[in-house]
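Here are some exercises to work through with the model open in your viewer. Try each task before you read the solution.

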Amino acid sequence: MFPESDHSSDVIRTLSNAMKISGVKIYLNTEVRDILQNDSAFSGIELSTGEVITGDKCIIATGGKSYPTTGSTGDGYRWAEKLGHSVKELSPGLVPFVTEEEWVPELQGLSLRNISACISGEKKKYYEEFGELLFTHFGVSGPTMISASSMVGDVLKKQKLTLTIDLKPALTEDQLDQRVLRDFDQNKNKQFKNAIGKLFPAKLIPVMIRLSGIDPDKQVNMISREERKCFVRLIKNFKMTLTGLRDFNEAIITRGGISVKEIDPGTMESKKIRNIHFAGEVMDLDAVTGGYNLQIAWSTAYMAAQGVS
């Protein structure tokens, strides 16, 4: 959230000023090679230059592996493992899906609001949500899909899944059939391709026509009842095949990390090495969208700060 000025740089400036007042020394463009310990207690850090900086306590808040351009390259996991911690397998979290259908790229940039999305396998439903979906050049994204990725990501590693979108969730199939019938009656002398403009965004119309199997040049008064019923079912069951997730470069968070069983929840201190504390995404903590991951970062950082004070 930006401050009143609407400039995020003011947040950085405020934090920098607070650190200067507190006498904090900042090392820019400096890589930490290793975390040092002596008698199972923190003793210092070693930089890539070979310089050793000693200290009494350490907070590891290096983030996950998502958005590596920000510096979150996974160093925290490497240090933790070397110190004897268990690190749960890492995977991209809150990330877009890759789809199989060749027509999906045609819809790139199209956002669908107020749709119902369901993700299922052959015998089981894994996720269902109402909200917004965005088409990309590789698949689907948007709030409903970003949240779904954390729910079905592990399953998707083993099998393809089916995404079913109800484009008109406010209407039952019978109600939608009556709506389509009214549109056809109002445009009975028009071709099918020119009679469904009120049902979908313009970008979606060619795809829906193709998937319906109805000749786009067919006059709507010549469309059979069965053709119309199939078209209605398509609108209520618009399907895509999910084949995978995008990588860490597009992930909002990282799933997995340092086992929380090895961390004191009251101080965020390691149970294996004294005076080493953890905060944020480096730990095996993640949640759906909605500010929960930010809250995890802030709350654990507060507890770690209290723990070292």
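**Exercise 1. Find which residue of E11 is the bridge partner of isoleucine 165, and then follow the pairing of E10 on both sides.**

Solution. Keep in mind that this is a predicted model.

Step 1: start at isoleucine 165, whose bridge partner in E11 is phenylalanine 238.

Step 2: zoom out to the strands. E10 and E11 run antiparallel and share five bridges.

Step 3: now look at the pairing of E10 (residues 161-166) with E7, which is antiparallel too and counts five bridges. One place to see it is serine 116, which sits opposite aspartate 166 in E10.

**Exercise 2. Work out which strands E7 and E11 pair with, apart from E10.**

Solution.

Step 1: take strand E7 (residues 111-120) and strand E8 (residues 125-135), which pair in the antiparallel sense over eight bridges. Isoleucine 115 has glycine 131 in E8 as its bridge partner.

Step 2: check the connection. Four residues make the hairpin that leads from E7 to E8.

Step 3: go to strand E11 (residues 238-245), which is joined to strand E6 (residues 97-99) by three bridges, again antiparallel. Phenylalanine 97 lies opposite leucine 245 in E11, while threonine 99 lies opposite leucine 242.

**Exercise 3. Put the strands in order and decide: is this sheet open or closed?**

Solution.

Step 1: string the pairs together and you get E6-E9-E8-E7-E10-E11, six strands with antiparallel pairing that make a closed barrel.

Step 2: add the angle. On average, neighbouring strands of this sheet are turned by 45° against each other, direction ignored.

Step 3: ask how covered E7 is. Seven of its ten residues are buried, so E7 is mostly covered, taking buried as under 20% relative accessible area.

**Exercise 4. Describe the sheet that holds E1, E2 and E3, and say why one side of E1 and of E3 has no neighbour there.**

Solution.

Step 1: the order is E1-E2-E3, an open sheet of three strands with antiparallel pairing.

Step 2: strand E1 (32-37) and strand E3 (52-54) are at the edges and have a single partner strand each, so one side of each lacks a neighbour in the sheet. The twist from one strand to the next averages 20°.

Step 3: look at one pair in detail. Strand E2 (residues 42-47) and E3 run antiparallel and are joined by three bridges, and isoleucine 45 has isoleucine 53 in E3 as its bridge partner.

**Exercise 5. Find which residues make the nonpolar surface patch of about 540 Å², then place methionine 19.**

Solution.

Step 1: colour Val11, Leu15, Met19, Val24, Ile26 and Leu28; together they make the patch.

Step 2: methionine 19 belongs to helix H1 (residues 9-21).

Step 3: its relative accessible area is 31%, so methionine 19 is partly exposed.

**Exercise 6. Decide whether the protein chain is a compact globule or more spread out.**

Solution.

Step 1: take stock of the chain, which has seven helices and 13 strands.

Step 2: the globule rule gives 19 Å for 309 residues, but the radius of gyration of the protein chain is 26 Å, well over that, so the chain is more spread out than a compact globule.

Step 3: compare the box, which is roughly 85 × 45 × 35 Å along the principal axes for the C-alpha atoms. As for burial, 41% of the 309 residues count as buried.

Key:
Residues are numbered from 1 along each chain as its sequence is written. This is a predicted model: local features need pLDDT of at least 70, side-chain atom pairs count only at pLDDT 80 or more; totals for chains, interfaces and linings use all residues. Side-chain values use heavy atoms; hydrogens and water are left out. Two strands pair if DSSP finds at least two bridges between them. Helices (H or I, at least four residues) and strands (E, at least two) are DSSP runs, numbered from the N terminus. Axes are lines fitted to C-alpha atoms, for helices over the stretch in contact, and angles run from 0 to 180 degrees between N-to-C directions. Patches are made of residues with over 30% relative accessible area and no salt bridge: like charges are joined within 9 Å, nonpolar side chains (Val, Leu, Ile, Met, Phe, Trp, Tyr) within 5 Å. Accessible areas come from the Shrake-Rupley method with a 1.4 Å probe; for residues, only the protein chains shown count as cover. A salt bridge is a side-chain nitrogen of Lys or Arg within 4 Å of a carboxyl oxygen of Asp or Glu. Buried means under 20% relative accessible area, exposed over 50%, partly exposed in between (1.4 Å probe, protein chains only). The radius of gyration is taken over C-alpha atoms; the globule rule is 2.2 Å times the number of residues to the power 0.38.
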